[in-house]
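Please read the briefing below alongside the sequence and the structure. It opens with one residue and then goes through the topics in turn.

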Amino acid sequence: MLNVRVVKIGGNALDNPAWVAQCARGVSKIGPAVVVHGGGQAVSAWSRRLGLPVEQQDGLRVTTPEIAQLVEMVLGGPMNRLIVTALRAAGLDAIGLSGVDGGLLSAQPLQNGTALGEVGEIVNVRASLLQSLLLAGLTPVVAPVTPTLTAPVRLLNVNADQAAAAIAAALGGGAQELLFVSDIPGVTIDGVTQPTLAAAEIETMIEEGVATGGMVAKLRAAAQALGAGVRAVRIGDLEMFVHATAGTRLLAAPPATAVQPA
């Protein structure tokens, strides 16, 4: 079994070609990887151009049928090709995929998420397809546009952080680490980047407004991955490709309190 890292690339820096190129070089140095990407800024920009609403709840996009089509076009088209091109320029044999290709991902509408519209959650990952591509020396680059399992089949907008967590969980013991890479150094509290954060603290942070916007979805996805058995999860910037301690490491359980000798 390959020791694979799942790398989710997102954030505002996706609009910066130099950052994307630097990120691709980082991925090329960490061994076998599955790359999952977002592209929310591009989707929002196109939505505004087309006069479509831009609205989010807890970091998830409110997705009308028209916006679902736009997400498919932007993420499955130019965003995916941008990252594949950068990875190939960095020396990796990257191949672009969406959740539709090869039945890679399947989703169901988000439970209790009717206000979000055409938003889904992953219910199945064809991990064997990713493993076959990795064994062939390819680097899969996944756009998280995902069909429903049941008829009539329609495409749902799946949050890229959640898709990355589901893919890391589906790879089981083969997933060495899940990295959420953007242009922020980690999870910050009162302006201080936290070296570690217990998954048990996440919902409290959200309730108290410490975590907001896109970080809400990212933290919940990190907790989901840890709960599914992924060995290590970090949130941070490009330094994570260089230093094993960079970013914020999410812990499945609170750090153990040292027992003082009697």
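Glu 118 is buried, with 16% relative accessible area; buried means under 20%, exposed over 50%, and partly exposed in between, using a 1.4 Å probe and protein chains only. This is a predicted model, in which local features need pLDDT of at least 70 and side-chain atom pairs count only at pLDDT 80 or more, while totals for chains, interfaces and linings use all residues. Residues are numbered from 1 along each chain as its sequence is written, and side-chain values use heavy atoms, with hydrogens and water left out. Helices (H or I, at least four residues) and strands (E, at least two) are DSSP runs, numbered from the N terminus.

**Salt bridges**

- A salt bridge is a side-chain nitrogen of Lys or Arg within 4 Å of a carboxyl oxygen of Asp or Glu, and by this rule the count comes to eight.
- Side chains of opposite charge can pair when their charged atoms come close.
- Glu 118 forms a salt bridge with Arg 154, at 2.6 Å from N to O.
- Glu 118 is in the loop between strand E6 (105-109) and strand E7 (119-125), and Arg 154 is in the loop between strand E9 (145-147) and strand E10 (155-158), so this pair ties together parts 36 residues apart in sequence.
- Arg 154 counts as partly exposed, because its relative accessibility is 35%.
- Another salt bridge joins the side chains of Asp 161 and Lys 218, at 3.2 Å from N to O.
- Asp 161 belongs to helix H5 (residues 160-170) and Lys 218 to helix H7 (residues 214-227), so the parts that the pair ties together are 57 residues apart in sequence.
- Asp 161 is buried at 4% relative accessible area, and Lys 218 counts as buried at 11%.

**A salt-bridge network**

- Arg 234 and Glu 177 meet through their side chains in a salt bridge of 2.8 Å, N to O.
- Arg 234 lies in strand E15 (residues 233-236) and Glu 177 in strand E11, so parts 57 residues apart in sequence are tied together by this pair.
- Both Arg 234 and Glu 177 are buried.
- Arg 5, Glu 177, Arg 234 and Arg 249 are joined into one network by salt bridges that share partners.

**The sheet**

- Eight strands form an open sheet with mixed pairing, in the order E5-E8-E2-E1-E11-E15-E16-E14; two strands pair if DSSP finds at least two bridges between them.
- Strand E5 (94-98) and strand E14 (196-198) are the edge strands, each pairing on one side only.
- From one strand to the next, the twist averages 20°; axes are lines fitted to C-alpha atoms, for helices over the stretch in contact, and angles run from 0 to 180 degrees between N-to-C directions.
- Strand E2 (residues 33-37) pairs with strand E8 (residues 139-143) in the parallel sense over two bridges, and Val 36 has Val 142 in E8 as its bridge partner.
- E14 and E16 are paired in the parallel sense over three bridges, with Leu 197 opposite Leu 250 in E16.
- E15 and E16 run antiparallel and are joined by three bridges; Val 233 has Leu 250 in E16 as its bridge partner.
- In a regular strand the side chains alternate between the two faces of the sheet.
- Strand E16 (residues 248-251) alternates in this way: Thr 248 and Leu 250 point to one face and are buried, whereas Arg 249 and Leu 251 point to the other and are not.

**Helices H1 and H2**

- Helix H1 (residues 17-27) lies across strand E1 (4-9), E2 and strand E11 (175-181), and runs at about 170° to E1.
- The buried residues in helix H2 (residues 40-49) include Ala 42, Val 43, Ser 44 and Ser 47.
- These buried residues of H2 pack against strand E4 (60-61) and helix H3 (65-89).
- Ser 44, found in helix H2, counts as buried because its relative accessibility is 9%.
- Leaving out residues up to four places away in sequence, Ser 44 touches Val 54 and Arg 61, where contact means heavy atoms within 4.5 Å.

**Positive phi angles**

- Gly 51, just after H2, takes a positive phi of about 75°.
- Asp 190 is not a glycine, yet has a positive phi of about 55°.
- Asp 190 sits in the loop between strand E12 (188-189) and strand E13 (192-193) and is exposed, with a relative accessible area of 78%.
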